[in-house]
Amino acid sequence: LTRLKFSLRGRALSGHRGGVSCIDVPSHVYRPDSIISGGADGLIKLWSLRTGAGRRGEPDPTARNSATSTSAEDQISPGTKASRSGDAMSILSGHGGRVLCVKTAWHGDRLLSGGADRTVRLWDLAGSGGKCLNSLCGHFGWVTSVKYWGPNTIISASTDRSIALWDARVSNAPLFTLRHHYAPISDILVGSRTDPIMISAGGDGTIAAWDFRRLSDPACQSPSSQNRQCKVIRRPAGKMYLQEFTSRRRTYGPVLLSRGPSSKTKTVCCLGRDSIIREWDIKSGEVVSEVVTGHCDTISSFAVLDGDQLHDAQLENTDKQSITGTITTSWDGTVRMRRLEQK
């Protein structure tokens, strides 16, 4: 992989009480130089990396040179203005407990959040500066992941072992509830609005593929829910079990997902407690490849990078399209990056 020739000089963004539980980086096109964080204090904070020095009591260098440096703060409602001690551009409050996940829409004007209060909240970041538009209630456990699929469909995963699909324009109940896993949902993988396949993984070592085009089919719905407003789906389009591909007993636990590197077939990569990355063919359910990460403790994050992200400009003979790689972080205190050659 490419070498880091320069040290990364960062800055501290402080203000959450009890720790930061989740972060999200909005689109660099619509909200450049900004990040969003959720904390154990039940607050969501929008940080601008363009202003402020990032440390308490340190003056803003841009404020001396521009008389309009506070114009962005003037557009935020008084209830969401940040205090000087936190350096946050906007603070959103409303969750009754720890905020566990945040996700910004592609256009940067909407924000999804989920928390320990078992609710999914939809926020307006455009005109109102942080108004809560909808509070979606329907889960019986903590909401650990929220995603957008298309302009009006919200997907949420919970520790109650279910995945809910919501209409952003309706806040009374989810449209569909997907149930297959026997442990809390550890990760979900949602594609673009033109991709109807969603992948979910549970702490029981199971992986399921859901086809949104078949959710309205009565054959896929639970008979007890066909007359209800919320349809319960228990039959995924495809399913895989990690314990069938390993003799180790440490297959139960959180499973992380990422898009597969294969350009010829549609694949997904999963990483379980056995620290082995497996690439699956979604259609056939077969394992395409296996890679040992080398970690000796629980994996905390996992991603597959494409050729553009791993390309070294100094290597003239490097083919961008043939290079893929993985990056993993673990509780063993290491970050491992591995370059893979596509077959």
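Ile185 is found in strand E13, where strands (E, at least two residues) and helices (H or I, at least four) are DSSP runs numbered from the N terminus. With a relative accessibility of 5%, Ile185 counts as buried, a class that means under 20% relative accessible area, while exposed means over 50% and partly exposed lies in between (1.4 Å probe, protein chains only). The C-alpha atom of Ile185 is separated by 5.9 Å from that of Ala201, a residue 16 positions apart from Ile185 along the chain.

The model is a predicted one, in which local features need pLDDT of at least 70 and side-chain atom pairs count only at pLDDT 80 or more, whereas totals for chains, interfaces and linings use all residues. Residues are numbered from 1 along each chain as its sequence is written, and side-chain values use heavy atoms, with hydrogens and water left out.

Strand E13, which covers residues 185-190, also holds Asp187. Asp187 is buried yet has no salt bridge, and its nearest side chain of opposite charge, that of Lys147, is 5.5 Å away; in this count Lys and Arg are positive and Asp and Glu negative, with His and the chain ends not counted. A salt bridge is defined as a side-chain nitrogen of Lys or Arg within 4 Å of a carboxyl oxygen of Asp or Glu. The side chain of Asp187 does, however, reach the backbone nitrogen of Leu257 at 2.9 Å. Ser258 belongs to strand E18 (residues 256-259) and, at 9% relative accessibility, counts as buried. Ser258 and Ala303 are 45 residues apart in sequence, but their C-alpha atoms are 5.7 Å apart in space.

A search of the whole structure finds eight salt bridges, and the following table gives some of them.

| Basic residue | Acidic residue | Closest N to O distance |
|---|---|---|
| Arg169 | Asp167 | 3.1 Å |
| Arg259 | Asp195 | 3.6 Å |
| Arg213 | Asp211 | 3.0 Å |

The salt bridge of Arg259 with Asp195 links distant parts of the chain, since Arg259 lies in strand E18 and Asp195 in the loop between E13 and strand E14 (197-202), 64 residues apart. Arg259 counts as partly exposed at 27% relative accessibility, whereas Asp195 counts as buried at 12%. In the pair of Asp167 and Arg169, the acidic residue is buried, with a relative accessible area of 15%, and Arg169 counts as exposed at 61% relative accessibility. For the salt bridge of Arg213 with Asp211, Arg213 counts as exposed at 63% relative accessibility, while Asp211 is buried with a relative accessible area of 11%. Salt bridges that share partners also join Asp195, Arg259 and Lys266 into one network.

Another contact involves Ser162, which is found in strand E11 (residues 162-167) and counts as buried at 2% relative accessibility. The side chains of Ser162 and His139 are joined by a polar contact of 3.5 Å, a term for a pair of N or O atoms within 3.5 Å in which, within protein, one must be able to donate a hydrogen and the other to accept it, residues adjacent in sequence counting only if both atoms are side-chain atoms.

Strand E5 (residues 99-104) is mostly covered, with five of its six residues buried. E5 pairs with strand E6 (residues 110-115) in the antiparallel sense over five bridges, where pairing requires that DSSP finds at least two bridges between two strands. Cys101 has Gly114 as its bridge partner in E6. The hairpin of E5 and E6 has five residues between the strands, and Gly108 in this hairpin takes a positive phi near 80 degrees.

Positive phi values also occur at residues other than glycine. Arg118, with a phi of about 70 degrees, lies in the loop between E6 and strand E7 (119-124) and counts as partly exposed at 42% relative accessibility. Ser275, with a phi near 60 degrees, is found in the loop between strand E19 (267-271) and strand E20 (276-281), and is buried with a relative accessible area of 6%.

At the surface, Val29, Tyr30 and Trp106 make a nonpolar patch of about 370 Å². Patches are made of residues with over 30% relative accessible area and no salt bridge, like charges being joined within 9 Å and nonpolar side chains (Val, Leu, Ile, Met, Phe, Trp, Tyr) within 5 Å, and accessible areas come from the Shrake-Rupley method with a 1.4 Å probe, only the protein chains shown counting as cover for residues. Tyr30 is placed in the loop between strand E1 (20-24) and strand E2 (34-39) and counts as partly exposed at 48% relative accessibility.
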